[in-house]
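Here is a look around a chain whose sequence and fold you can follow as you read. Keep the viewer open and turn the model as each part comes up.

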Amino acid sequence: MEKIQKTSKILRVIVTVLMVFTVLGLVVLVIAGVAQFAFGPQLEQWLQEGIVTFKVDDASVLTPVTFIVGVIKVGLIYWWLGSLRKLLGNYIDGVVFSEENSRLMRKIALIAMASTIIASEGNSDGSSIGFNVDFLDLVLPLFVLLLSWVMQEAHVLKEESDLTI
């Protein structure tokens, strides 16, 4: 149990750092979106007048649809990391086979699947969203779902064992 707790502490620190970077990524995305939408019409004029000297690729232009999908994906990643952080916290506290851990594992798997399915690829004008789903990206969350079921059954067995004299 001590190895699980020690490893969970290290992983929890890593997940916490990733959560901070996720929030920073969201801030950058929002700033880029606001700048794009606020200065978008003027950007082409500024490029022609030489006020702005960089050229933005059409593929990198942020549209309202890609902006919203990006915010949703970042939100899902943050939610996923938060659930993982809570699960690791339970492991640190010595709680391995519990109803809550099984629920957290299911949530982690479902969020991972949702994040995989939601893709911001589409036309550069934002008129459509494409779906880019890799087989392995869906199999791994399904495996975590299976593990959550195993953890739930282990929790039931542990409760029965605790009641046995």
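## Salt bridges around Glu 100

Glu 100 pairs with Arg 103 in a salt bridge, with 3.8 Å between the closest N and O atoms (a salt bridge being a side-chain nitrogen of Lys or Arg within 4 Å of a carboxyl oxygen of Asp or Glu). The two are three residues apart in helix 3, so about one helical turn separates them. Helices here are DSSP runs of H or I with at least four residues, strands are runs of E with at least two, and both are numbered from the N terminus. Before going on, a word on the source: this is a predicted model, in which local features need pLDDT of at least 70 and side-chain atom pairs count only at pLDDT 80 or more, while totals for chains, interfaces and linings use all residues. Residues are numbered from 1 along each chain as its sequence is written, and side-chain values use heavy atoms, with hydrogens and water left out.

Glu 100 has another partner: its side chain also meets that of Lys 86 in a salt bridge (3.6 Å, N to O). This pair ties together distant parts of the chain, with Lys 86 in helix 2 and Glu 100 in helix 3, 14 residues apart. How exposed are these side chains? Glu 100 is partly exposed at 29% relative accessibility, Arg 103 is partly exposed at 39%, and Lys 86 is partly exposed at 40%. The cut-offs are under 20% relative accessible area for buried and over 50% for exposed, with partly exposed in between (1.4 Å probe, protein chains only).

## The other pair

How many salt bridges does a search of the whole structure find? The count is three. Besides the two above, the side chains of Lys 158 and Asp 162 meet at 3.2 Å, N to O. Both sit in helix 4, four residues apart, or about one turn of the helix. Lys 158 is partly exposed, at 40% relative accessible area, whereas Asp 162 counts as exposed at 53%. Back at the other pairs, shared partners join Lys 86, Glu 100 and Arg 103 into one network.

## Overall build

Zooming out, the protein chain has four helices and zero strands, so to speak an α-α-α-α run from the N terminus on by the DSSP reading. Of its 165 residues, 27% count as buried. Contacts (heavy atoms within 4.5 Å) reach far along the chain: among those between residues at least 6 apart in sequence, 73% join residues at least 24 apart. The accessible surface comes to about 10,900 Å², with 68% of that belonging to carbon and sulfur atoms. Areas come from the Shrake-Rupley method with a 1.4 Å probe, and for residues only the protein chains shown count as cover.

## The nonpolar core

Which residues make up the largest nonpolar core? There are eleven: Val 15, Met 19, Leu 81, Leu 87, Leu 88, Tyr 91, Val 96, Leu 104, Met 105, Ile 108 and Met 151. Helix 1, helix 2 and helix 3 each give two or more residues to this core, and helix 2 has the largest share, with four. A core here is a set of buried Ala, Val, Leu, Ile, Met, Phe, Trp, Tyr and Cys residues joined through side-chain atoms within 4.5 Å.

Leaving out residues up to four places away in sequence, Leu 87 touches Asn 101, Leu 104, Met 105 and Ile 108. Ser 83, found in helix 2, is buried at 3% relative accessible area. With that same sequence limit, Ser 83 touches Leu 104, Lys 107, Ile 108 and Ile 111.

## Helix 4

Helix 4 covers residues 135-163, and its 29 residues should span 42 Å at 1.5 Å a residue (1.5 Å times one less than the number of residues); the end C-alpha atoms are 43 Å apart, which agrees. Its buried residues include Pro 141, Ser 148, Met 151, Gln 152, Ala 154 and His 155. Helix 2 (64-92) and helix 3 (99-117) are among what covers them.

## A nonpolar surface patch

Ile 10, Leu 11, Val 13, Ile 14, Val 17, Leu 18, Val 20, Phe 21 and Leu 24 form a nonpolar patch on the surface, with about 810 Å² of accessible area together. Patches take residues with over 30% relative accessible area and no salt bridge, joining like charges within 9 Å and nonpolar side chains (Val, Leu, Ile, Met, Phe, Trp, Tyr) within 5 Å. One of the patch residues, Val 17, lies in helix 1 (residues 2-49) and is partly exposed, at 40% relative accessible area.
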